[in-house]
Each structure stands twice: as structure tokens, then as C-alpha cells.
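Dear colleague,

Please find the structure below. I would be grateful if you would keep it open while reading the notes that follow it.

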Amino acid sequence: AVHTAIPLHLADVASSAYSPLQGWCIYLCNLAPSMDEVGLYKLVSPFGAISSVKCMTNPDSTCKGIAFVNMPQYEEAALAIKALNGTTVGGNVIQVEFKKSSLKKEKSTDCDSALIPLL
């Protein structure tokens, strides 16, 4: 499995990964079609508090393989990335990293759009 280096300092993380409202945005990909927001929450919540989760879905409500999770604390988000990146979930080896900015702005890749807040 390919592991990406987790930035040790906040200055090394793209500013696009942080939102004052939501916290640090984690991007997950290669998720199984059966993944949903509840499963996503259960996957990431052992590493810390979560402010929101969003699983991108197809018209038939199956997961497109992409999801975003927002965590208020940088250290907890970095720990979740380090622990989950390259692991097998639902039969798929997933990739987990801090959200990066995209030249192509689409709702499906924007961590702040259509997120489901957790109260």
C-alpha cells in the first residue's frame, strides 16, 4: 500500500483542508459502494470528534467511492489519516488524506458543500 506522509505542522497542510466552521477536512477515496454516512462516522469517530460527514452518492444511493469527513482538531484528523490510509474497508484498500484544493470547483469535491452536520 502506498502511504502518504502526514504533515507534522499546520503550515505544511493546504489551507483548503481547513474551514473555521467545519474544521479539518479529510478526503477518503476507493470506498465500497455500500459505504454510507453512518458507516463513515463509525469508521472515523474512534480517532476523535467529527463535525460533519458526507458520502458522495450515485443516483441509486450507492457510494461513488468518495467521501469527506470534517474534524475540529488537527491532531485527531492527522491520526485518522495515518491510521486509515492504505487499510482495507469493505473489501477495498482506501486512500485517506487531507483535502487538497481543486482547480475544478465542483460540489462533489467541495468539503463544505452539502455536508451533514452532526449535532
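The notes below describe one helix, the core and a few individual residues.

This is a predicted model, in which local features need pLDDT of at least 70, side-chain atom pairs count only at pLDDT 80 or more, and totals for chains, interfaces and linings use all residues. Residues are numbered from 1 along each chain as its sequence is written, and side-chain values use heavy atoms, with hydrogens and water left out.

Helix H2 covers residues 74-84; helices (H or I, at least four residues) and strands (E, at least two) are DSSP runs numbered from the N terminus. Which residues of H2 are buried? They are Tyr74, Ala77, Ala78, Ala80, Ile81 and Leu84, where buried means under 20% relative accessible area, exposed over 50% and partly exposed in between (1.4 Å probe, protein chains only). Seen down the axis of H2, these buried residues fall within an arc of 160°, so they line one face of the helix; the arc is that of the directions from the helix axis to the C-beta atoms. An α-helix has 3.6 residues a turn, so residues three or four places apart point the same way. Glu75 and Lys82, on the other side of H2, are exposed. The buried residues of H2 pack against S2, H1, strand S4 (63-71) and strand S7 (95-98). Just after H2, Gly86 has a positive phi of about 85°.

The largest nonpolar core (buried Ala, Val, Leu, Ile, Met, Phe, Trp, Tyr and Cys residues joined through side-chain atoms within 4.5 Å) has 27 residues, and Ile26, Val69 and Met71 have the most contacts inside it. At least two residues of this core come from each of S2, H1, S3, S4, H2 and S7. H2 gives the most, with six residues. Contact means heavy atoms within 4.5 Å, and the residues that Ile26 touches include Val69, Met71, Ala77 and Ile81.

Two serines deserve a look. Ser51, in the loop between helix H1 (37-44) and strand S3 (52-57), is buried, with a relative accessible area of 18%. The side chain of Ser51 reaches the backbone oxygen of Gln22 at 2.5 Å. Ser52 lies in strand S3 and is buried at a relative accessible area of 0%. Ser52 and Val69 are 17 residues apart in sequence, and their C-alpha atoms are 5.8 Å apart in space.

By contrast, Leu21, in the loop between strand S1 (18-19) and strand S2 (23-29), is exposed, with a relative accessible area of 75%.

Yours faithfully

Definitions and conventions: Polar contact = N/O pair within 3.5 Å; in protein donor to acceptor, adjacent residues only side chain to side chain.
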